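I opened my notebook today to look at some open and closed spaces in a protein, and at one residue that caught my eye. Come along and follow the entries with the structure beside you.

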Amino acid sequence: MTRLPAKHRTAYINARLLDPASGLDAPGALLAEDGRISDIGPQLFADGVPEGIQTVDCAKACLAPGLVDMRVHIREPGEEQKETMGSAGRAAAAGGVTSVVALPNTDPVIDDVAGVEYIARRAREEKRVKVYTYAAVTKGTEGRELTELGMLGEYGAVAFTDGTKAVASAQVMRRALSYAKTFGHLIVQHPEEPSLAGGAMNGGEMATRLGLPGIPSVAEVMMVERDLRLVELTGGRYHVAHVSTAATVDVIRRAKARGLNVTCDTAPHYLTLNEIAVGDYRTFAKVSPPLRGEDDRRAVMEGLIDGTIDAIASDHAPHDQESKRLPFAIAEPGIVGLETLLPLSLQLFHSEKIDLLDLLGRITAKPADILGLKAGHLTKGSPADLLIFDLNKAGKIDPDLFESKSKNTPFEGLPVQGRVRRTVVDGRSLFEAA
């Protein structure tokens with residue numbers, strides 16, 4: 001008689017259960033069995049945990065779905081000196097992120113089946129967090145010839161984007177939206193009109209005083225307005241990445257009111273910083289799109305609060321010192337964000353800007369649902385991708401403690417509340433705070 005292998009069971013008890021998708025916010029427990037959630041609820045294990053089940057006492061900490069980061073530069077292949085699949089996985093786990101979606105602007109670009117399969121293979125080899133990938137909209141992200149969207153989707157690409165480049169041609173974007181619609185795929189746009197986006201920081205008085213070429217905020221909204229016309233024309237699915245301006249929030253709000261199939265995200269730095277962070281040419285505050293004025297920052301915040309902005313993504317963009325310690329105009333844009341996504345997002349809750357479940361939904365269920373990922377939910381049968389965190393634990397952001405290979409953050413020394421205690425992927429504990 002063949003004996004079945006013993007099931008691996010872990011009980012997470014004495015937790016504050018938080019599931020944004022169902023609205024659950026209650027004390028209780030969760031049972032993970034062979035990598036999946038088998039039971040959850042306020043009364044679970046009320047009479048104690050049966051023998052033979054491993055127990056994790058959460059000590060009244062929050063137990064939520066693992067974070068889903070829908071915009072991550074992993075840098076592998078091609079720039080492994082900045083980040084690798086391994087270091088990105090460790091950074092994600094340390095930040096409570098259990099699912100990341102890699103951008104395709106690597107070297108070579110992820111624009112064919114071999115590239116998509118490479119990312120999947122490397123993720124399996126590392127056995128850390130779950131790594132999904134975008135594929136490029138156009139070959140080489142050069143904006144001219146469409147990739148094989150249908151085939152790439154079959155092999156695992158979750159959506160399509162040219163990464164840090166806008167699809168500049170209206171005709172190419174029209175074809176991409178139409179082609180992608182055939183397969184139900186999503187097109188993600190980096191919203192900058194290229195002929196206006198050649199500057200180094202937000203266009204305006206501060207750029208003039210610093211003697212830096214500016215990028216006007218209209219560069220973003222012009223691209224979005226054009227694309228929304230094409231969405232109307234084609235009926236395609238369209239997502240605007242890292243929204244940074246008031247005008248863009250406004251046009252997306254109106255597009256949603258008209259019933260267009262459009263979603264969008266922003267990043268923590270557009271919610272917490274404005275162009276003043278550039279200071280005396282601080283390249284760690286150089287991002288793309290650039291940090292905007294205070295009115296824009298407030299409008300992006302309001303867009304998040306009222307639901308116009310669907311998700312928060314870290315826009316994790318690691319760079320080595322050689323890429324950042326340069327004159328501002330030629331330094332690479334981008335900051336690391338996997339390990340600061342949770343505490344920076346929680347600042348919005350602690351400042352009483354947004355409800356906790358609503359906020360957590362923007363970094364769990366919402367991005368997962370936009371991309372069709374089996375993640376971001378605490379429901380029976382779902383993967384046991386879990387985050388245990390102390391909501392009120394105070395600390396300061398210290399890049400020296402980052403697991404990421406790169407340390408380029410403008411938030412060094414920032415006081416924050418919220419600390420990851422444990423990160424679990426498919427029932428496996430990948431990170432435990434010391």
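**Pockets, cavities and one histidine**

Entry one: the largest pocket. I looked up its volume and found about 550 Å³ of space. I kept in mind that this is a predicted model.

Next I asked myself: which residues lie nearest the centre of the largest pocket? They are Ala94, Glu339, Lys396, Leu401 and Arg419, out of a lining of 22 residues. I then checked which elements contribute to this lining. Helix α11 (341-350) supplies at least two residues, and so do strands β16 (386-396) and β17 (415-425). Sorting the lining by class, I noted twelve nonpolar, four polar and six charged residues.

Entry two: the second largest pocket. Here I wrote down about 420 Å³ of space. The lining has 28 residues, and the ones nearest the centre are His73, Arg75, Asn105, Thr164 and His319. How do the residues of this lining divide by class? I found eight nonpolar, eleven polar and nine charged. It is worth pausing to set that beside the list for the largest pocket, with its twelve nonpolar, four polar and six charged residues.

Entry three: the cavities. I wanted to know how many cavities of 30 Å³ or more the structure holds. There are five of them. I picked the largest cavity and noted about 40 Å³ of space inside.

Its lining is short enough to write out in full: Ser244, Tyr270, Leu273, Leu291, Arg292, Asp296, Arg297 and Val300. Which helix gives the largest share of this lining? I traced that share to helix α9 (residues 294-305), with three residues. By class, I counted off four nonpolar, one polar and three charged residues around the largest cavity.

Entry four: His239. I found this residue in strand β13, which covers residues 237-240. Is His239 buried or exposed? His239 counts as buried because its relative accessible area is 0%, and buried means under 20%.

I then looked up who its neighbours are. Leaving out residues up to four places away in sequence, His239 touches Met70, Leu186, Ile187, Val188, Gln189, Thr263, Cys264, Asp265 and Ile370. One of these neighbours, Asp265, got an extra note from me: its side chain and that of His239 are joined by a polar contact of 2.7 Å. If you have the viewer open, try finding that His239 and Asp265 pair for yourself.

Methods. Residues numbered from 1 in each chain as written. Predicted model: local features only at pLDDT ≥ 70, side-chain atom pairs only at ≥ 80, totals over all residues. Heavy atoms only, no water. Buried < 20%, exposed > 50% of the residue type's maximum accessible area, 1.4 Å probe, protein only. Polar contact = N/O pair within 3.5 Å; in protein donor to acceptor, adjacent residues only side chain to side chain. Contact = heavy atoms within 4.5 Å. 1 Å grid on protein atoms, 1.4 Å probe; cavity = no way out; pocket = protein on both sides within 12 Å on 5 of 7 lines; lining within 4 Å. Points joined across faces, edges and corners; volume = space filled by probe spheres on them. Nonpolar A, V, L, I, M, F, W, Y, C, P; charged D, E, K, R; others polar.
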